[in-house]
Amino acid sequence: MIGHKHTVMLLDDHDVVRVGLQATLSQDGAFKLTGSFSKSAEMLAAMRQQAPDIAIVDFSLGPEDVDGFNLLRGMAIRFPSTKVLVLSSHHNVSTVSLALQAGARGFIGKRLELGDFLDAVRAIANGRIYLQPEMALELAGRSEGAPSVGGDDSGILAVGKLSPREREVIRCCLEGMSVGDIATKFSRSSNTISTQKQAAFRKLGVRNDNELFKLRNLLT
């Protein structure tokens, strides 16, 4: 018996994409589609009436629409409770990095299998950040010696203090794995993994997964 359904809105200027995503979402009883739009203004008007739990947003809309970065920043400010999953055909490091900086909770490419799309939406619904593993690793190792978020070297120094196992756990977190997933992968208890994750968070000076991704370029 399913209790609360996560409300979802879709924004994509391609009708075929929207129809496909709607059909896929309908396969999972945990989600309820409350709006499907081709223009950002239409979606934002609907969100002002009732913001959804999750918004699935195309990063590259039509030439007359707002750019993806500013749309995401605006949504983060006006609708902070809505978790945003970005969908884009431009699935490269720069675009993903921009989307995460603007407040997105996940990013998937349009060539992703529909089953993986559902996995991404479920991850976002459960409070996790979702990236395809190869993209998470590429982001993590994008530029050695990159400046930290605060503009100083504190983040670089903190990364150097991580133990090998803490670094393993953080890399897995960047792949979108849960504490339980990591425990299974390394045949450790969930309590052990949770302790290592929290220890790494303290050393990195972050409080949650979202803040962790702001340091992703330092986690080589």
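A β-α-β crossover is right-handed if, with the strands pointing away from the viewer, the path from the first strand over the helix to the second runs clockwise. In this predicted model, strand 4, helix 4 (residues 93-101) and strand 5 make a right-handed unit of that kind. Those strands belong to an open sheet of 6 strands with parallel pairing and the order 2-1-3-4-5-6. The notes below cover the sheet, its crossovers, strand 5, an aromatic pair, the largest pocket and one loop residue.

**Sheet and strand pairing**

- The edge strands are strand 2 and strand 6, and each of them pairs on one side only.
- Strand 1 (residues 6-11) and strand 2 (residues 31-37) run parallel and are joined by 6 bridges.
- Within that pairing, T7 has K32 of strand 2 as its bridge partner.
- Strand 4 pairs with strand 5 in the parallel sense, over 4 bridges.
- L85 stands opposite G106 of strand 5.
- Strand 5 also pairs with strand 6 (residues 130-131), again in the parallel sense, over 2 bridges.
- F107 has L131 of strand 6 as its bridge partner.
- In general, the strands of a sheet pair through backbone hydrogen bonds, either parallel or antiparallel.

**Crossovers**

- From strand 1 the chain passes through helix 1 (residues 15-25) to strand 2, and this β-α-β crossover is right-handed.
- The unit of strand 4, helix 4 and strand 5 is right-handed as well.
- From strand 5 the chain passes through helix 5 (residues 114-125) to strand 6, and this β-α-β crossover is left-handed.

**Strand 5**

- In a regular strand the side chains alternate between the two faces of the sheet.
- On strand 5, G106 and I108 point one way, while F107 and G109 point the other way.
- All four of these residues are buried.

**Aromatic pair**

- The model has 1 aromatic pair.
- The pair consists of F59 and F107, with 6.4 Å centre to centre and 55° between the planes.
- The pair counts as tilted, because planes under 30 degrees apart would be stacked and those over 60 edge-to-face.
- F59 lies in the loop between strand 3 (54-58) and helix 3, and F107 lies in strand 5 (residues 106-109).
- The two residues are 48 residues apart, so the pair links distant parts of the chain.
- F59 has a relative accessible area of 12% and is therefore buried, the cut-off being under 20%.
- F107 is also buried, at 0% relative accessibility.

**Largest pocket**

- The volume of the largest pocket is about 170 Å³.
- Its lining is made of L72, A76, F79, P80, T82, K83, V84, G103, R105 and N210.
- Helix 3 (68-78) and strand 4 (83-88) are the elements that give two or more residues to this lining.
- By residue class, the lining divides into 5 nonpolar, 3 polar and 2 charged residues.

**Loop residue S187**

- S187 is found in the loop between helix 9 (179-186) and helix 10 (190-204).
- S187 has a positive phi of about 55°, although it is not a glycine.
- With a relative accessible area of 69%, S187 is exposed, since the cut-off for that class is over 50%.

Terms used:
Residues are numbered from 1 along each chain as its sequence is written. This is a predicted model: local features need pLDDT of at least 70, side-chain atom pairs count only at pLDDT 80 or more; totals for chains, interfaces and linings use all residues. Side-chain values use heavy atoms; hydrogens and water are left out. Two strands pair if DSSP finds at least two bridges between them. On a 1 Å grid over the protein atoms alone, a cavity is a set of points where a 1.4 Å probe fits but cannot get out, and a pocket is an open set with protein on both sides within 12 Å along at least five of seven lines; lining residues have an atom within 4 Å of a point. Grid points are joined across faces, edges and corners, and a volume is the space filled by probe spheres set on the points. Ala, Val, Leu, Ile, Met, Phe, Trp, Tyr, Cys and Pro count as nonpolar, Asp, Glu, Lys and Arg as charged, and the others, Gly among them, as polar. Buried means under 20% relative accessible area, exposed over 50%, partly exposed in between (1.4 Å probe, protein chains only). Rings of Phe, Tyr and Trp (its six-membered ring) pair if their centres lie within 6.5 Å; planes under 30 degrees apart count as stacked, over 60 as edge-to-face and the rest as tilted.
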